[in-house]
Amino acid sequence: MKVIFAGTPDFAAAALKAVAAAGFEIPLVLTQPDRPKGRGMQLQASPVKQVALELGLRVAQPEKLRGNADALALIESAGADVMVVAAYGLILPQQVLDAPRH
């Protein structure tokens, strides 16, 4: 089963690890764009992005999903059966919710 995963914080990173450990194919991971953090305001990847890169998964970081044809095309091209969303941080428009088969 192909699973798109969408999440951003540590809580979601743990869920991503669990989905991957269960043996599901993950063609795409969605997470929030890198944000400045710390005293130097250096860009830092989200915990989900860090885990996804460790697992060798494809990561997309759209600023928004509503009205974003490129992001929608990317999600649809993943050919996912389901989408797991854990603390993603963006409202999912109906087109995104309809993209997976189930």
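Which residues of the largest nonpolar core touch the most other members? In this predicted model, that core holds 16 residues, and those with the most contacts to other members are I4, L28, L30, L65, I75, M83 and V96. The elements that contribute two or more residues to the core are β1, β2 and α3 (69-77), and α3 gives the most, with four residues. V96, one of the residues with the most contacts inside the core, touches L65, L72, I75 and M83 when residues up to four places away in sequence are left out of the count. A second core, separate from the one just described, has 14 residues, among them V3, V48, A52 and A86.

**The sheet**

Four strands make up an open sheet with parallel pairing, and their order across the sheet is β5-β2-β1-β6. Because β5 (59-60) and β6 stand at the edges with a single partner strand each, one side of each is left without a neighbour in the sheet. The strands β1 and β2 run parallel and are joined by four bridges; across this pairing, K2 stands opposite E25 in β2, and A6 stands opposite L30 in β2. Both of these strands are mostly covered: in β1 five of the six residues are buried, and in β2 five of the six residues are likewise buried. In a regular strand the side chains alternate between the two faces of the sheet.

**Helix α1**

Helix α1 packs on the sheet, where it touches β1, β2 and β6, and its direction makes about 170 degrees with that of β1. The helix comprises 12 residues (residues 10-21), which at 1.5 Å a residue should span 16 Å, and this agrees with its end C-alpha atoms, which are 16 Å apart. Its buried residues are A12, A13, L16 and V19; seen down the axis of α1, these buried residues fall within an arc of 120 degrees, so they line one face of the helix. The face turned away from that buried side carries the exposed residues D10, F11 and A21. The cover over the buried residues of α1 includes β1 (2-7), β2 (25-30), α2 (47-54) and β6 (82-86). The helix is followed by G23, whose phi is positive, near 95 degrees.

**Helix α2 and the loop after it**

In α2 the buried residues are P47, V48, K49, V51 and A52, and what covers them includes β1, α1, β2 and β5. Two of these buried residues, V48 and A52, also belong to the second core. K49 is a lysine placed in helix α2, and it counts as buried because its relative accessibility is 15%, which lies under the 20% limit for that class. The contacts of K49, not counting residues up to four places away in sequence, are with T31, D34, V59 and Q61. Like α1, which is followed by G23 with a positive phi, α2 is followed by a glycine with positive phi, G56, whose value is near 75 degrees.

L55 has its place in the loop between α2 and β5, and at 43% relative accessibility L55 counts as partly exposed.

**The loop between α3 and β6**

G79 lies in the loop between α3 and β6. Setting aside residues up to four places away in sequence, G79 touches K2 and R101; K2 is the residue that stands opposite E25 in β2.

**Separations in sequence and in space**

The table gives two residue pairs, one with L55 and one with G79, with distances taken from C-alpha to C-alpha.

| Residue pair | Apart in sequence | Apart in space, C-alpha to C-alpha |
|---|---|---|
| L55 and S77 | 22 residues | 20 Å |
| G79 and K17 | 62 residues | 21 Å |

Conventions. Residues are numbered from 1 along each chain as its sequence is written. This is a predicted model: local features need pLDDT of at least 70, side-chain atom pairs count only at pLDDT 80 or more; totals for chains, interfaces and linings use all residues. Side-chain values use heavy atoms; hydrogens and water are left out. The expected span of a helix is 1.5 Å times one less than its number of residues. Buried means under 20% relative accessible area, exposed over 50%, partly exposed in between (1.4 Å probe, protein chains only). The arc is that of the directions from the helix axis to the C-beta atoms. Contact means heavy atoms within 4.5 Å. Two strands pair if DSSP finds at least two bridges between them. Axes are lines fitted to C-alpha atoms, for helices over the stretch in contact, and angles run from 0 to 180 degrees between N-to-C directions. A nonpolar core is a set of buried Ala, Val, Leu, Ile, Met, Phe, Trp, Tyr and Cys residues joined through side-chain atoms within 4.5 Å.
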